[in-house]
Number of protein chains: 2
Amino acid sequence: MDSKDDKRDVSCSSPVCVHNPHLDALKDDILYHFSLGTATHDLPAMFGDVKYVCVGGSPWRMKSFTEFIAAELGMENPKSEYPNICAGTDRYAMYRVGPVLSVSHGMGIPSIAIMLHELIKLLHHAQCKDVTIIRIGTSGGIGLEPGTVVVTKQSVDATFLPKFEQVILGKPVVRNTDLDQSLAEELLQCSKELNQFETVIGNTMCTLDFYEGQARLDGAFCSYSEKDKQDYLNKASEAGVCNIEMESSVFASMCKLSGLRAAVVCVTLLDRLKGDQLKSSHEVLHSFQQRPQKLVGYFIKKQLKAKAILN
Amino acid sequence: MDSKDDKRDVSCSSPVCVHNPHLDALKDDILYHFSLGTATHDLPAMFGDVKYVCVGGSPWRMKSFTEFIAAELGMENPKSEYPNICAGTDRYAMYRVGPVLSVSHGMGIPSIAIMLHELIKLLHHAQCKDVTIIRIGTSGGIGLEPGTVVVTKQSVDATFLPKFEQVILGKPVVRNTDLDQSLAEELLQCSKELNQFETVIGNTMCTLDFYEGQARLDGAFCSYSEKDKQDYLNKASEAGVCNIEMESSVFASMCKLSGLRAAVVCVTLLDRLKGDQLKSSHEVLHSFQQRPQKLVGYFIKKQLKAKAILN
């Protein structure tokens with residue numbers, strides 16, 4: 001599979017597509033929530049050779065991922081300084097080491113969607129080619145041992161359907177949430193080689209709310225019973241849902257529209273069939289959160305090694 | 001109006017309500033995204049006398065609001081140090097000075113909803129009474145001079161209806177987005193007294209997306225024309241919409257459910273009928289963003305003065 005992908009990289013390079021005829025008419029483009037822009041920054045020089053973009057909710061985690069990937073790739077900055085490229089704003093944080101860009105996206109569909117609109121435009125303006133994008137996140141598991149990593153097969157909504165509804169001019173437009181299946185399989189294979197934790201491929205439910213939207217019993221409001229919760233989560237499980245998070249559907253749909261090869265890799269912090277609150281120690285939760293980073297770090301290192309052999 | 005409200009404060013104190021029978025069964029309650037909890041923190045001692053909560057998207061802005069309000073109330077810390085109460089996490093930032101709590105909520109409905117679930121539980125556990133909560137934010141205006149402050153009358157959805165749809169166990173539940181009209185009027189009166197910038201009361205459209213969801217022509221994707229955009233925004237204007245942002249509907253519905261006296265005060269950074277990109281200088285945008293802070297600071301100072309006379 002590696003050789004096939006590498007051949008594709010070499011023979012048929014794939015740009016990052018925008019679908020917006022109005023962009024050409026803009027004299028310059030301000031990426032407001034990144035505090036970057038085409039008039040103020042030389043985006044091709046800054047980002048033109050980016051091949052991997054990793055995104056996650058927490059700015060701290062995306063900084064630590066950058067430090068981790070720098071060490072993995074032997075690209076450590078001797079002073080261990082990785083400046084925040086979006087230092088002019090506190091909306092998102094962005095770091096870079098070698099061909100790997102690391103960007104935070106906050107929590108929830110609207111927050112990651114703003115970031116992705118501007119990231120896709122950034123990669124487009126920078127004339128990036130053959131970009132792989134991976135969301136590394138945390139999630140609640142269904143029937144899995146906490147700490148299990150889930151690579152998303154399909155992102156499904158709260159009724160377990162693989163679709164994302166975008167409201168445009170007040171009307172719903174339904175979009176596909178397909179992710180790259182070959183990339184998911186490659187990541188699963190990497191986890192087997194790494195052999196440090198359990199990884200599965202399964203469906204991921206993406207919700208608009210963490211408490212009532214995920215049938216939690218511990219929010220400020222709850223109008224349903226423990227049995228209602230269990231029935232709902234069991235139905236989700238029967239539909240192939242392995243974990244629940246809050247960004248995968250719009251991530252999948254926007255990456256597909258822009259031609260980005262995309263995957264979602266989330267660790268499960270707890271088994272929602274057994275509880276709602278995160279009671280594991282800080283240390284245990286921290287080590288769980290490093291698992292998607294380790295898996296994706298291994299994958300990128302393996303890919304870069306294979307390319308170095310080919311080139 | 002002040003004397004009536006103050007009488008209410010004194011004679012009929014109003015708690016912050018949760019609506020969740022399961023909470024009583026919890027041995028302790030972990031407010032995960034605040035890195036706080038009932039077992040690890042003495043919430044009544046830390047927060048019991050909070051009377052005003054101000055929330056906004058940006059952590060930097062909420063810190064600067066705390067510094068501003070400290071100066072306004074003559075409660076400056078001589079070292080100007082306002083520690084982040086949620087320093088154990090990077091999900092939200094929280095600061096406090098006197099009776100005023102300042103909390104960031106990130107961007108979008110899901111992000112503010114997580115924060116509000118945990119804030120409402122925090123205020124409930126802390127046994128707070130008579131709490132007023134105000135969102136101070138930024139927005140796009142419709143037909144208003146940039147820099148105009150809008151106090152929200154009703155928060156409406158992308159079809160201009162005053163409702164918020166919460167998905168629970170996979171089914172939509174429609175909730176009311178009423179805000180406190182007397183509080184909105186008090187804020188308008190404060191702006192007149194302050195006499196530094198224009199303030200209006202109007203409807204606020206709350207969307208799930210910043211680009212396609214708000215009819216912008218400058219996202220990564222755009223399938224509609226300039227005329228489609230103008231038609232949509234003009235229809236919004238005819239429905240009384242003065243500005244567009246991304247959090248007011250769930251804010252209004254959750255505050256109403258929990259008995260919090262709530263208002264939304266957003267400055268308009270641009271007139272969406274004239275453009276989509278934020279082209280004003282950093283200085284101008286920064287001064288616009290301080291307007292909701294100034295207005296709410298004036299309001300809190302006035303209220304506290306009136307109470308000092310009464311008590």
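These legends go with a set of close-up views of a predicted two-chain model.

A few conventions first: residues count from 1 along each chain as its sequence is written, and chains are lettered from A, with ligands numbered from 1, in the order in which they are written. Since the model is predicted, local features need pLDDT of at least 70 and side-chain atom pairs count only at pLDDT 80 or more, while totals for chains, interfaces and linings use all residues; side-chain values use heavy atoms, with hydrogens and water left out.

**View 1. Two domains in chain A.**
Chain A splits into domain 1 (16-130) and domain 2 (134-311), with bounds that come from an automatic or database domain assignment. Taken over C-alpha atoms, the centres of the two domains are 22 Å apart. In contact terms (heavy atoms within 4.5 Å), 30 residues of domain 1 touch 28 residues of domain 2. The pair buries about 2,400 Å², with 70% of that on carbon and sulfur atoms; buried area here is the accessible area (1.4 Å probe) that two parts lose on being put together, summed over both. Look for A:Tyr52, A:Arg61 and A:Ile109: together they supply 28% of what domain 1 buries against domain 2, more than any other three residues.

**View 2. Polar links across the domain interface of chain A.**
The two domains share 1 salt bridge, the term meaning a side-chain nitrogen of Lys or Arg within 4 Å of a carboxyl oxygen of Asp or Glu. A:Glu72 pairs with A:Lys301, and their closest N and O atoms are 4.0 Å apart. There are also 12 residue pairs in polar contact between the domains, both residues at pLDDT 80 or more. A polar contact is a pair of N or O atoms within 3.5 Å; within protein, one must be able to donate a hydrogen and the other to accept it, and residues adjacent in sequence count only if both atoms are side-chain atoms. On the domain 1 side, strand 3 (52-56), helix 3 (59-72) and helix 4 (109-125) each bring at least two residues to the interface. Helices (H or I, at least four residues) and strands (E, at least two) are DSSP runs, numbered from the N terminus. That side of domain 1 breaks down into 20 nonpolar, 8 polar and 2 charged residues. For that tally, Ala, Val, Leu, Ile, Met, Phe, Trp, Tyr, Cys and Pro are nonpolar, Asp, Glu, Lys and Arg are charged, and the others, Gly among them, are polar.

**View 3. How chain B meets chain A.**
A turn of 180 degrees and a shift of 0.0 Å along the axis lay chain B on chain A with an RMSD of 0.0 Å, so the two copies are related as by a two-fold rotation axis. The superposition is by least squares on the C-alpha atoms of residues with pLDDT of at least 70 in both copies. The copies meet through the same surface, because 100% of the interface residues of chain B are also interface residues in chain A. Here 73 residues of chain B are in contact with 74 residues of chain A. Between them the chains bury about 6,000 Å², 60% of it from carbon and sulfur atoms. B:Met107, B:Leu169 and B:Phe221 give 14% of the area that chain B buries against chain A, more than any other three residues.

**View 4. Pairings at the chain interface.**
Chains B and A share 2 salt bridges. A:Glu212 and B:Arg175 meet in a salt bridge, at 2.6 Å from N to O. The same interface has 28 residue pairs in polar contact, both at pLDDT 80 or more. Several elements of chain B supply at least two residues each, including helix 3 (59-72), strand 8 (163-168) and helix 8 (282-310). Helix 4 of chain B gives the largest share, 9 residues.

**View 5. A salt bridge within chain B.**
B:Lys121 and B:Asp29 form a salt bridge, at 3.0 Å from N to O. B:Lys121 lies in helix 4 and B:Asp29 in the loop between helix 1 (2-11) and strand 1 (30-31), 92 residues apart.
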